[in-house]
Amino acid sequence: NLDSLVIIGCNLTGSIPSSLGMLRKVTLINLGDNRLSGNIPHELGNCSSLHTLKLNGNQLQGEIPAALGNLKKLQSLELFENKLSGEIPISVWKIQSLTQMVVHNNTLTGELPAEVTELKNLKKLLMFNNSFHGGIPMSLGVNRSLEEVDLIGNSFTGEIPPNLCHGQKLRFFNLGSNQLHGSIPPSVGQCKTLERIWLGGNKLSGVLPEFPDTHSLE
């Protein structure tokens, strides 16, 4: 009947026990800022009531298990500052309840899939300092729930989608230190909610759009 498991910053070592998958009523697991190692157990996908999973600030390795896609009530997935590798499973990108995905400072790879547009509740997408590649999908420009996107320090290529910021609620957008080229779309300058945008460290060219005084461009 355990509802919450929170053990933060206690220098825990060893692996995460697969038996946590037996906690069918747990809604919060936070094991952040320890020294846990090994893989994320796929058995965590059995925690059907889980809405928050925080395993950040450890030494976890291997891939994100596809079984996490079974967590249909998951809202917050925070796996940042580990040593995770491989691609984020498509099953995870299809968790409709997700409001934030925070996976920065790992060695994750793969492309940003078109399925990101299906996450109607996603507000925060932090994927910086990994090895993601490929283009920025057009679908990212039609996700109207996004407020904060940080993709700096990856290997994204191609152009910034022309529909980016169109009708969105974006406040912070960071595409710095990638391999993007082409011009900055006018829609970026028309986003009324945007407060800061970082585009440095790319190969952008063309005319700079007009930005309202409320914007900070770097």
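Which residue is the bridge partner of Gly86 in β9? In this predicted model, the partner is Leu108. The report starts from that bridge, follows the sheet around it, and then turns to the aromatic pairs and the overall dimensions.

**Strand β9 and its neighbours**

Strand β9 spans residues 107–111. One of its faces is covered and consists of Leu108 and Gly110, while Thr107, Thr109 and Glu111 make up the uncovered face. Leu108, the partner of Gly86, thus belongs to the covered face.

Two strands pair with β9. Strand β7, residues 83–87, runs parallel to β9, and 3 bridges connect them. Strand β11, residues 131–135, also pairs with β9 in the parallel sense, again over 3 bridges. Within β11, His133 is the bridge partner of Glu111, a residue of the uncovered face of β9.

**The sheet as a whole**

These strands belong to an open sheet of 8 strands with parallel pairing, in the order β3-β5-β7-β9-β11-β13-β15-β17. Its edges are β3 (37–38) and β17 (203–204), each of which pairs on one side only. At the β3 edge, the neighbouring strand is β5, residues 59–62, which runs parallel to β3 and is joined to it by 2 bridges. In β5, Gln59 serves as the bridge partner of Ser37. Across the protein, the secondary structure amounts to 2 helices and 18 strands.

**Aromatic pairs**

A pair of aromatic rings is described by the distance of the centres and the angle of the planes. A search of the whole structure yields 2 such pairs, and the table gives their geometry.

| Pair | Centre distance | Plane angle | Class |
|---|---|---|---|
| Phe132 and Phe156 | 6.5 Å | 10 degrees | stacked |
| Phe172 and Trp198 | 6.0 Å | 65 degrees | edge-to-face |

Why is the pair of Phe132 and Phe156 classed as stacked? Its planes meet at 10 degrees, and planes under 30 degrees apart count as stacked. Phe132 lies in strand β11 and Phe156 in strand β13 (residues 155–158), so this pair ties together parts that are 24 residues apart in sequence. Both strands appear in the order of the open sheet. Phe132 is buried, its relative accessible area being 1%, and Phe156 is likewise buried, at 0% relative accessibility.

For Phe172 and Trp198, the planes stand at 65 degrees, and an angle over 60 counts as edge-to-face. This pair also links distant parts of the chain: Phe172 is in strand β14 (residues 172–174) and Trp198 in strand β16 (residues 196–198), 26 residues apart. Is each ring's residue buried or partly exposed? Phe172 is buried, with a relative accessible area of 17%, whereas Trp198 is partly exposed at 26%.

**Overall dimensions and surface**

The protein has 218 residues and a radius of gyration of 18 Å, which agrees with the value near 17 Å that a compact globule would have. Taken along the principal axes, its C-alpha atoms fill a box of roughly 55 × 25 × 25 Å. Of the 218 residues, 51% count as buried. Among contacts with a separation of 6 or more, 46% come from residues 24 or more positions apart. The accessible surface is about 9900 Å², and carbon and sulfur atoms account for 49% of that area.

Notes. Residues numbered from 1 in each chain as written. Predicted model: local features only at pLDDT ≥ 70, side-chain atom pairs only at ≥ 80, totals over all residues. Heavy atoms only, no water. Buried < 20%, exposed > 50% of the residue type's maximum accessible area, 1.4 Å probe, protein only. Helix = DSSP H or I, 4+ residues; strand = E, 2+ residues; numbered from the N terminus. Pairing = 2+ DSSP bridges. Rg over C-alpha atoms; globule rule 2.2 N^0.38 Å. Contact = heavy atoms within 4.5 Å. Areas by Shrake-Rupley, 256 points an atom, 1.4 Å probe, with all protein chains shown as cover.
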